[in-house]
Amino acid sequence: MTASYLRRVKVAEVERVASRIKRFRLVDVENKPLSEFSGGSHVTVCMRAQDRVIRNPYSLMGCPSDTSSYQISVLKVDNSRGGSQFMHDNVVVGTELEISEPLNLFPPAKLARKHILVAGGIGITPFMSMMSELDALGSDFELHYGVRSAAEGAFCKLLEARYGSRIRLYLQDQDQMVPLERILSNQRLGAHMYVCGPKPMIDWALRTATLAGWPDESIHSEQFNAPPIGKPFVVKLARSRREITVGGHQSILEALEQNGIDAPFLCRGGACGQCETEVSGCDGFIEHNDHYLSEAEKASGRKIMICVSRISGDAVTLDL
Ligand SMILES: Cc1cc2nc3c(=O)[nH]c(=O)nc-3n(C[C@H](O)[C@H](O)[C@H](O)COP(=O)(O)OP(=O)(O)OC[C@H]3O[C@@H](n4cnc5c(N)ncnc54)[C@H](O)[C@@H]3O)c2cc1C
Ligand code: FES
């Protein structure tokens with residue numbers, strides 16, 4: 001996908017669902033049905049700020065069979081490059097935005113006999129649509145949802161009302177921890193685990209499942225990866241013979257887009273592989289921030305995922 005595959009939507013509803021989280025309901029500008037999606041999907045939201053365009057992925061939360069509107073929820077992240085703040089401070093009922101078609105990099109496994117969902121904080125969002133889908137299919141699932149406090153946890157009451165004892169909440173301010181080791185040791189064959197939340201929580205859940213003997217194919221995760229900041233550097237484009245500067249707060253992909261160069265992307269989070277680009281020269285080191293390339297590919301220095309990775313050095317030459 002490139003930036004040109006966008007659909008115009010307008011905001012039909014905004015609700016503050018927790019102290020730092022707002023939910024937005026989006027409808028097509030001409031009230032046409034939106035595309036169907038599957039549980040766990042996300043869209044890329046394109047925000048036109050005064051001085052730049054910000055494109056952030058957000059998970060779809062509504063019922064996948066409801067194509068009349070999409071729902072996303074956004075956590076306000078302080079000291080960030082500004083997308084979540086833009087959504088909180090500038091986007092109101094009636095605001096028009098552009099979004100990509102839905103993409104699913106975190107679907108529930110079709111053959112799983114049970115689904116163990118583990119969410120931390122804003123990592124609840126992909127599970128909202130996943131649970132709607134699993135519930136409609138009559139699939140066996142349970143959600144373990146860790147939140148800082150009742151005030152910071154979004155959708156706790158709604159989830160308990162909708163799914164009853166299949167929802168387990170853990171409040172950090174009351175020292176409640178997800179007893180993952182015990183949960184995983186009591187599952188029948190064919191169960192799958194899914195985790196989404198802060199990176200330390202994902203790492204801990206993956207480690208716990210592996211130590212408990214769960215096979216890799218039964219363990220799934222989605223990380224809300226964003227391009228980290230760093231020092232500015234130059235990108236030399238071998239095919240088009242152009243040079244562009246990547247600012248300290250920009251990804252290579254964002255710098256290309258700012259210069260009118262349409263580069264491929266899907267997830268913008270280092271997971272899908274769409275933006276993989278050949279490196280033909282680098283006068284420093286590539287800082288690989290994706291979870292797509294293999295360790296051997298990263299070590300070769302011949303490939304870079306331009307949505308999240310950057311270099312420490314002055315210049316990198318790409319096959320673009
Ligand atoms: C597939 C996918 C789905 C996503 N779904 C959602 C969603 O449903 N709701 C949502 O709020 N965000 C979601 N995100 C994250 C979102 O795209 C942005 O990264 C986030 O809103 C911050 O954007 P920003 O422009 O404000 O800050 P950025 O500069 O992009 O991020 C700033 C820093 O904050 C960290 N950070 C980014 N996001 C978070 C976060 N959510 N919580 C804590 N720290 C964070 C990053 O690691 C980064 O270092 C998703 C990301 C991906 C890849
Ligand atoms: S756009 Fe998905 S890995 Fe870069």
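**Asking about a pocket and a ligand**

Author: The second largest pocket has 16 lining residues, with Val17, Arg23, Met128, Phe155 and Leu158 nearest its centre. This is a predicted model: local features need pLDDT of at least 70, side-chain atom pairs count only at pLDDT 80 or more, and totals for chains, interfaces and linings use all residues. Residues are numbered from 1 along each chain as its sequence is written, chains are lettered from A and ligands numbered from 1 in the order in which they are written, and side-chain values use heavy atoms, leaving out hydrogens and water.

Reader: What makes something a pocket, and what makes a residue part of its lining?

Author: On a 1 Å grid over the protein atoms alone, a pocket is an open set of points with protein on both sides within 12 Å along at least five of seven lines; a lining residue has an atom within 4 Å of a point. Val17 and Arg23 are among the 16 that line this one.

Reader: Which helix gives the largest share of that lining?

Author: That's α3, with four residues. Helices here are DSSP runs of H or I with at least four residues, while strands are runs of E with at least two. β1 (7–18), α2 (125–137) and α3 (156–163) each supply at least two lining residues.

Reader: How do you know which contacts with ligand 1 are polar?

Author: A polar contact is a pair of N or O atoms within 3.5 Å. A polar side-chain atom of Ser80 lies 2.7 Å from an oxygen atom of ligand 1, so that pair qualifies. Ser84 has a side-chain N or O atom 2.7 Å from a ligand oxygen, and a backbone N or O atom of Ser73 lies 2.9 Å from a ligand nitrogen; by the cut-off, these count too.

Reader: Why is ligand 1 said to lie between the domains?

Author: Because domain 1 (7–99) and domain 2 (114–222) both give residues to its shell. The bounds come from an automatic or database domain assignment. In the shell, β4 gives the largest share, four residues.

Conventions
On a 1 Å grid over the protein atoms alone, a cavity is a set of points where a 1.4 Å probe fits but cannot get out, and a pocket is an open set with protein on both sides within 12 Å along at least five of seven lines; lining residues have an atom within 4 Å of a point. A polar contact is a pair of N or O atoms within 3.5 Å; within protein, one must be able to donate a hydrogen and the other to accept it, and residues adjacent in sequence count only if both atoms are side-chain atoms.
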